[in-house]
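Biologist: Please take a close look at one part of this model and explain it for a first-year student. Go through it piece by piece, and say what each term means.

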Amino acid sequence: MQFSSRLDRFGDEVFAALNARKVALEEAGRTIYNLSVGTPDFAPYDHVVDALVDAARDPQMWKYSLRDLPEMKQAVCDYYKRRFDVDGITPDMVCSVNGTQEGVGHFALALLDPGDVVLVPDPCYPVFEAGAKLAGAELSYYPLNAEHHFLPYVADIDPVVADRAKYMIVSLPANPVGSVGTPELYEEIIAFAREHDLLIVHDNAYSDITYDGPRGGSFLSYPGALQVGVEFFSLSKSFNVTGARIGFLVGRADVVAAFSKLRSQIDFGMFLPLQKAAIAALTGPLEQVEEQRLAYQERRDALCAGLESLGWERPNAHGSMFIWCKLPGGRTDSMAFCEELMDKAGVIVTPGASFGPSGEGYVRMALVLPPDRIALAVQAIRDAGIVG
């Protein structure tokens with residue numbers, strides 16, 4: 001059978017390949033330390049689970065939802081005020097998504113035509129590229145490198161390309177590179193968007209996982225952001241509900257309306273018990289979220305210090321649930337290094353090359369093990385002789 005040529009735009013899915021190798025090693029009796037996929041190992045909070053279970057007991061909750069419940073949209077508006085101090089978010093500026101992964105992919109189909117240009121960070125989470133490719137758009141990368149602390153540097157973006165671009169994706173705290181934005185940076189990005197008449201699409205999945213400084217926030221809290229941007233906001237990492245796929249597109253009403261129109265053609269709406277769980281998360285206490293942030297910081301400290309003790313360069317790790325590591329010992333091939341690390345030490349990480357052209361020479365490690373297990377993983381690397 002002849003399949004769509006659209007599939008030729010994509011390579012093999014790296015996480016599936018890593019998981020297959022993990023299963024083979026486990027079947028061989030090896031001890032595995034899986035730091036590849038960013039799925040929290042913390043439990044979801046009781047009040048969120050209770051809301052889901054209670055709603056699921058009602059037979060009426062198992063019908064098509066066909067819409068976002070008004071009380072859920074209002075809960076998002078209220079949360080943005082309570083958590084991020086953002087005024088002016090109204091229900092018409094909110095639309096649910098089945099996780100940011102799906103949201104970013106479908107967003108491109110709502111806004112882009114073949115030949116349109118999208119500015120994408122490099123390295124970046126792969127769906128940023130995939131969504132644009134699905135729409136037949138042209139990718140233009142802007143680098144995130146050590147010289148600029150792995151942050152966007154708009155002064156280096158070609159103004160001709162910027163004028164052609166439909167939108168620019170910004171992801172802070174950043175997956176995979178672990179950098180965190182500053183007020184000055186966001187102000188520069190907003191001014192850049194105005195100058196070149198482009199939309200900013202901000203991925204805010206890790207707002208509650210930042211280290212060594214101010215609590216994470218929202219792009220939409222900065223003056224002018226609501227005129228030039230939208231934000232994907234996820235409950236997955238803050239509330240440990242990754243499998244539930246609860247997220248939202250928030251921001252400019254015209255953009256949200258276009259996105260909602262597309263989604264109405266391919267989706268009957270978020271499962272109603274999940275909407276009730278979302279309301280519970282958005283309106284409930286946040287003390288556990290802060291406790292969890294501190295736990296992530298403890299893990300970050302354990303892993304970074306451990307790798308430094310092996311002679312590795314200290315990773316970039318200021319936010320998100322990932323650290324971004326330069327390959328040790330002069331190595332340059334990230335996939336080959338991942339295979340070496342897996343085979344010799346049983347430690348599974350993600351090759352930087354899978355996150356874009358500038359990712360080569362690095363690996364991403366997820367903070368999904370407690371500090372004592374991280375210490376064992378570091379010791380396994382030491383025992384394998386993989387040092388700087």
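Modeller: Two strands pair if DSSP finds at least two bridges between them, and a strand is itself a DSSP run (E, at least two residues), numbered from the N terminus. The model is predicted, so local features need pLDDT of at least 70 and side-chain atom pairs count only at pLDDT 80 or more, while totals for chains, interfaces and linings use all residues. Residues are numbered from 1 along each chain as its sequence is written, and side-chain values use heavy atoms, with hydrogens and water left out.

The part to look at is strand β7, which covers residues 229-234. Of its 6 residues, 6 are buried (under 20% relative accessible area, with exposed meaning over 50% and partly exposed in between, for a 1.4 Å probe and protein chains only). Strand β7 is therefore largely enclosed by the rest of the structure.

The residues of β7 point in two directions. G229, E231 and F233 point one way from the strand, and V230, F232 and S234 point the other way. Both groups are buried.

Next come the partners of β7. One of them is strand β6, residues 199-204. Strands β6 and β7 run parallel and are joined by 5 bridges. Within this pairing, H202 stands opposite E231 of β7.

Another partner is strand β8, made of residues 247-251. Here the pairing with β7 is antiparallel, again over 5 bridges. E231 appears in this pairing too, where it stands opposite V250 in β8. To follow E231, then, look for H202 and for V250 in β8.

Strand β8 can be read in the way used for β7. It is mostly covered, with 5 of its 5 residues buried. G247, L249 and G251 point one way from β8, whereas F248 and V250 point the other way. All of these residues are buried. V250, the residue opposite E231, is therefore in the group of β8 that also holds F248.

From β8 the pairing goes on to strand β2, residues 94-97. These two strands run antiparallel and are joined by 4 bridges. In this pairing, F248 of β8 is the bridge partner of S96.

To trace the strands by eye, start at β6 and go to β7, step from β7 to β8, and end at β2, which is joined to β8.
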